[in-house]
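Open the model in your viewer and keep the selection box ready. We will go stop by stop, selecting residues and reading what is there.

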Amino acid sequence: MTNKQPITVARGDGIGPEIMDATLKILEHAGAMIEPEFIDIGEKVYLAGQSAGISDDAWESLRRTKVFLKAPITTPQGGGYKSLNVTIRKTLGLYANIRPNVSYHPFIKTRHSNVDLVIVRENEEDLYAGIEHQQTPEVVQCLKLITRPGSEKIIRYAFEYAKKNNRNKVTCFTKDNIMKLTDGLFHKVFDEVAKEYPEIEADHWIIDIGIAKIADTPQDFDVVVMPNLYGDIASDVAAQITGSVGLAGSANIGDQCAMFEAIHGSAPDIAGQGIANPSGLLHGAIMMLVHIGQPQVATRVHNAWLKTIEDGVFTKDIAKGGTAVGSQEFTEAVIERLGQEPSTFEPVTYSTTGQDDDKVQHQMPLLAKERAKPDVVQELDGVDVFLLNNTLTSEELGQKLETIAGPECRLVVVTNRGVKVYPGGFPETFTTDHWRCRFQSAEGHQLTNQDIRHLLQRIEEANLNWIKIENLYTFNGERGYSLGQGQ
Ligand code: NAD
């Protein structure tokens with residue numbers, strides 16, 4: 001290999017510059033063929049008035065090199081600053097967040113001696129679509145968006161990752177006992193994709209017991225795939241039980257670009273003291289080396305790091321009261337061991353074959369072709385009209401709506417925070433100012449958008465304040481909306 005690979009590098013905030021310098025020094029001594037292009041992101045860019053925390057020049061570098069090694073940044077508190085991580089992930093289409101979690105028993109103290117699990121987190125959808133609204137003085141909402149193509153891509157990525165890395169099982173976490181449509185879709189797609197990989201065991205856990213089991217018996221898990229928010233929480237639990245948040249790296253992978261980082265933040269409490277652990281960022285960099293086709297260098301670095309840990313050279317966060325070295329001494333210790341292998345830990349080997357597979361993986365369609373034009377009949381079945389109401393009781397509201405439903409629709413139910421309050425609600429049910437009124441087609445009538453407009457007009461004429469509507473559809477005859485609790 002002769003040409004150096006350009007990569008975009010951000011030194012970040014807090015401990016970022018210290019751990020980035022350490023990481024780049026180790027990569028240089030290991031013979032990594034990389035050409036770093038430095039960009040500024042984070043606190044100083046935010047405070048210079050860029051609310052996204054990144055400049056146009058930085059985007060240009062990222063879109064050209066397509067590989068980003070990023071140190072943690074500090075998000076200033078308050079003031080409407082957007083999360084730069086979320087912006088970068090979504091703008092560059094980095095849909096897969098991969099976080100390996102490994103315990104290094106008996107050298108690093110941990111509750112569990114045999115953790116070796118990988119969290120594959122969907123990175124773009126779910127509540128992180130960031131679509132939030134205040135609808136009434138008392139009620140705000142956040143839209144949870146789960147899509148079939150988004151689910152299919154991340155789930156197939158998890159199975160491909162398992163196949164390529166000789167892992168035996170992929171587990172899915174959702175909360176589809178409650179969110180039957182959104183999490184239900186993710187689970188359904190998981191079951192469909194799992195059938196394409198009969199050699200890999202597949203199972204599913206409800207998220208709450210799933211995360212509890214990760215904390216209790218992490219050895220039961222291998223690769224775990226889940227929607228965005230659950231993945232955010234589960235991956236921190238998984239990292240914490242391995243001994244230190246300073247240890248784990250993560251990869252954010254898209255079809256064209258990729259970003260590699262440590263999982264921890266900028267640790268302002270220890271910035272500038274020379275005691276930060278560079279290992280998390282180094283592990284991110286090892287994943288980057290494999291991604292850019294330098295698996296031998298990745299192997300050299302990872303084995304030298306394992307040998308350093310075996311030799312008991314620890315930064316303060318993992319020394320847990322024992323003798324600790326500073327970031328620079330730790331870095332020198334890793335460099336001294338380049339070319340050596342660990343004797344207690346299994347030495348790591350990243351192969352060129354793995355890299356070829358990686359390329360195949362990125363070229364393979366992660367979406368099944370037949371789903372490109374789904375043959376679906378979508379029919380309007382009703383409408384949920386949301387009202388702001390502080391004056392009428394549920395009974396009064398329900399009765400008023402019955403009289404204005406008109407010949408095309410019938411009032412089916414009124415709910416408040418999802419619970420049925422009309423007809424036949426309970427006086428014990430707490431209500432807010434936000435009412436969901438469900439109308440469906442009257443017997444023998446096929447509801448149209450025009451009918452809905454007329455209904456809204458009658459609602460306005462009755463001095464009721466509608467704040468939004470949500471159309472109800474069937475898809476190939478199947479209901480595409482949930483029933484109200486108690487409906
Ligand atoms: P943090 O991860 O920065 O720190 C949590 C604790 O872990 C602190 O006690 C810290 O000293 C320790 N720690 C973290 N990394 C360490 C390391 N490498 N070596 C030794 N000890 C380490 O989390 P926080 O304090 O909640 O957040 C600080 C800032 O980082 C915030 O502004 C937050 O928004 C930002 N943040 C950035 C990222 C990112 O850029 N990817 C991720 C998380 C948090």
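A crossing of two helices is left-handed if the near helix is turned anticlockwise from the far one by less than a right angle, and right-handed if clockwise. Helices (H or I, at least four residues) and strands (E, at least two) are DSSP runs, numbered from the N terminus. This is a predicted model, where local features need pLDDT of at least 70, side-chain atom pairs count only at pLDDT 80 or more, and totals for chains, interfaces and linings use all residues. Residues are numbered from 1 along each chain as its sequence is written, and side-chain values use heavy atoms, with hydrogens and water left out.

**Stop 1: α9 and α10**

Select residues 279-291 for α9 and 295-310 for α10. Two packed helices are described by the angle between their axes and the distance between the axes. Axes are lines fitted to C-alpha atoms, for helices over the stretch in contact, and angles run from 0 to 180 degrees between N-to-C directions. Here the axes come within 7 Å and cross at roughly 155 degrees. So α9 and α10 are roughly antiparallel. (Under 35 degrees counts as roughly parallel, over 145 as roughly antiparallel, 65 to 115 as roughly perpendicular and the rest as oblique.) Their crossing is left-handed.

Now show side chains. Ser279, Leu282, His283, Ile286, Leu289 and Val290 of α9 meet Pro295, Val297, Ala298, Val301, His302 and Trp305 of α10; contact means heavy atoms within 4.5 Å. This contact has nine nonpolar residues, three polar and no charged. (Ala, Val, Leu, Ile, Met, Phe, Trp, Tyr, Cys and Pro count as nonpolar, Asp, Glu, Lys and Arg as charged, and the others, Gly among them, as polar.)

**Stop 2: α10 and α12**

Keep α10 and add α12, residues 327-336. How do α10 and α12 lie to each other? Their axes come within 8 Å and cross at roughly 120 degrees, so the two helices are oblique. The crossing is right-handed. Ala304, Trp305, Thr308 and Ile309 in α10 touch Phe330, Ala333 and Val334 in α12. Six of these contact residues are nonpolar, one is polar and none is charged.

**Stop 3: α12 and α1**

Drop α10 and select α1, residues 16-30. The axes of α1 and α12 are 10 Å apart, at an angle of about 15 degrees. The pair is therefore roughly parallel. Glu18, Ala22, Lys25, Ile26 and His29 of α1 meet Ser327, Thr331, Glu332, Val334 and Ile335 of α12. This contact has four nonpolar, three polar and three charged residues.

**Stop 4: the ligand**

Select the ligand. Which residues are closest to the ligand? They are Ile73, Gly265, Ala267, Asp269 and Asn277, out of 20 that surround the ligand (a heavy atom within 4 Å). Next, look at the ligand's oxygen atoms. A backbone N or O atom of Gly265 is 2.7 Å from one. A polar side-chain atom of Asp269 is 2.9 Å from a ligand oxygen. For a side-chain N or O atom of Lys70, the distance to a ligand oxygen is 3.3 Å.

**Stop 5: backbone details**

Go to His105 and Pro106, joined by a cis peptide bond with omega of about 0 degrees. Pro106 sits in the loop between β4 and β5. Tyr422 and Pro423 are also joined by a cis peptide bond, with omega about -5 degrees. Pro423 is in the loop between β15 and β16. Finish at Lys66, in the loop between α3 and β3. Phi of Lys66 is near 65 degrees, a positive value in a residue other than glycine.

Technical notes: Polar contact = N/O pair within 3.5 Å; in protein donor to acceptor, adjacent residues only side chain to side chain.
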